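Trainee: I have some labels I would like to see justified. Can we take them one at a time?
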Number of protein chains: 2
Amino acid sequence: MSLTKRLVASSRERIFAAAAGEFAARGFAGASVDRIARAAHVNKAMIYYHFRSKAALYQEILRDMFAAVAARVADVDASADAPADKIRAFVDAIANAAEARPHFPPIWVREIAEGGAHLDPGTLSHVTAVVKTLGRIVREGQSKGGFARINPMLIHAGIIGPVLMYFASAALRQRLARAGVPGVAQLSRETVVAHVQRVAVMTLEGEGV
Amino acid sequence: MSLTKRLVASSRERIFAAAAGEFAARGFAGASVDRIARAAHVNKAMIYYHFRSKAALYQEILRDMFAAVAARVADVDASADAPADKIRAFVDAIANAAEARPHFPPIWVREIAEGGAHLDPGTLSHVTAVVKTLGRIVREGQSKGGFARINPMLIHAGIIGPVLMYFASAALRQRLARAGVPGVAQLSRETVVAHVQRVAVMTLEGEGV
DNA sequence: GTCTATAAATAGATAGAC
DNA sequence: GTCTATCTATTTATAGAC
């Protein structure tokens, strides 16, 4: 591989990107290898040249995506910031990871609905690392930062739930906006992230409890 | 149809229930009419006797589910409670609707990921009714209850996101608990609902803002 | 209402030429 | 690395007997 970015993506990269789109749009079982091949402008046999099977291709996409979130979250964990700032940075990390790979949120949401059936052990460990890290940050704030004694998983739900739903629901929100629901069109990425950050920190710092 | 509940469900009811499970587990495109027939203990031809197509069957399930949420939310809207109590009741309504039909949360979450592609106009109007109702409750509280001036859609995201993810993630949470993530096993329905209620009301009543 | 049988299209996957 | 051609299983859906 050359050090400069090639002008034309390799067939493997094209397959990878096309597959992410297909899995995002139709789910694992609904995705078709034929359609992925067409979208990637390769022959179907090329997919089996680069990947063992449809399931292996899907698992590789999952691994790539969750490894990226886990890496961002690990950076947050390693910083010297105060717990409240780490919470804010955690929210940012999730939002940035979701934004960097447009097909990630729908795939993530679908995988949750399937009970993580396609997560291989390595990918599952990335997921647990993310969840455990937030737990550690919350407990750190509880022991020496005055955080309220709340189950860290509630904070997790309050962050992942809204952020993931926001990014996964772009198309539906557009339909709701056209149907005349007020406020949907004004829901920007920044607004949502800032709100989730504020609510998480506010809940933990105990004002109004 | 008799007035008392029959001991054995009709073939139509069995198909309906089996289809909900199949769509929840595999998504619309991944669901198989053959598998639905086997699970419902009917012949595949029976499905086409009762329903026009796989898509029509799916849309009928969606309509039934969203009509149920819309009905519960309409009751909340019609009550004479104070805005803050209506917010709490709205959270309860969503949670109860999700709980009453175990396959609803995964189907809902998947439909969001698909941009609501399978929502017919009638069902879409149920969805917009739910979202609009929460908006009305928030604005009511803003004009005469001292609620903070926040985009109601942020409150909506803060409710639907965590509640829906909680109910849709039961299987994955079990895996995370087994993988040693602390706190996941203790995350009960009551804890989550109470937390989401408290956070929504706290955000709106402006403490710590 | 319920069944068997089957059509017609598409699925995932592979063999083998170049 | 890339292609054509093909195998086999499964897909949605229907025709028609009972």
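Mentor: Start with helix α8 of chain B, residues 152-168, in this predicted model. At 1.5 Å a residue, its 17 residues should span 24 Å. Its end C-alpha atoms are 24 Å apart, so the two values agree.

Trainee: What makes N151(B) a cap of α8(B)?

Mentor: A side-chain oxygen of N151(B) lies 2.9 Å from the backbone nitrogen of M153(B). The cut-off for a polar contact is 3.5 Å. The cap sits at the N-terminal end of α8(B).

Trainee: How many residues of α8(B) are buried?

Mentor: 16 of its 17. The helix is mostly covered.

Trainee: How do you know how chain A and chain B are related?

Mentor: A turn of 180° and a shift of 0.0 Å along the axis lay chain A on chain B, with an RMSD of 0.0 Å. The two copies are therefore related as by a two-fold rotation axis.

Trainee: Why do you say that the copies meet through the same surface?

Mentor: Because 100% of the interface residues of chain A are also interface residues in chain B. In numbers, 56 residues of chain A contact 56 residues of chain B. About 4,700 Å² is buried between the chains, and carbon and sulfur atoms give 72% of that area. L154(A), M165(A) and R175(A) supply 13% of the area that chain A buries against chain B, more than any other three residues.

Trainee: What makes R110(B) and E114(A) a salt bridge?

Mentor: Their side chains meet at 2.2 Å, N to O. The limit is 4 Å, so the pair qualifies. R110(B) lies in helix α6 of chain B and E114(A) in the loop between α6 and α7 of chain A, so the pair joins two chains. Both residues are buried. R110(A) and E114(B) also meet in a salt bridge, at 2.2 Å. The count between the chains is two.

Trainee: Why is D92(A) called partly exposed, and why is R189(A) called buried?

Mentor: Buried means under 20% relative accessible area, and exposed means over 50%. D92(A) has 28%, so it falls in between. R189(A) has 15%, so it is buried. These residues form a salt bridge, with closest N and O atoms 3.4 Å apart. D92(A) is in helix α5 and R189(A) in helix α10 of chain A, 97 residues apart. Both belong to a salt-bridge network with E99(A) and E190(A).

Trainee: And what are the labels for R35(B) and E22(B)?

Mentor: R35(B), at 27%, is partly exposed. E22(B), at 9%, counts as buried. Their side chains meet in a salt bridge of 2.9 Å, N to O.

How values were computed. Residues numbered from 1 in each chain as written. Chains lettered and ligands numbered in written order. Predicted model: local features only at pLDDT ≥ 70, side-chain atom pairs only at ≥ 80, totals over all residues. Heavy atoms only, no water. Helix = DSSP H or I, 4+ residues; strand = E, 2+ residues; numbered from the N terminus. Expected span 1.5 Å × (residues − 1). Buried < 20%, exposed > 50% of the residue type's maximum accessible area, 1.4 Å probe, protein only. Polar contact = N/O pair within 3.5 Å; in protein donor to acceptor, adjacent residues only side chain to side chain. Least-squares fit on C-alpha atoms with pLDDT ≥ 70 in both. Contact = heavy atoms within 4.5 Å. Buried area = accessible area lost by both parts, 1.4 Å probe.
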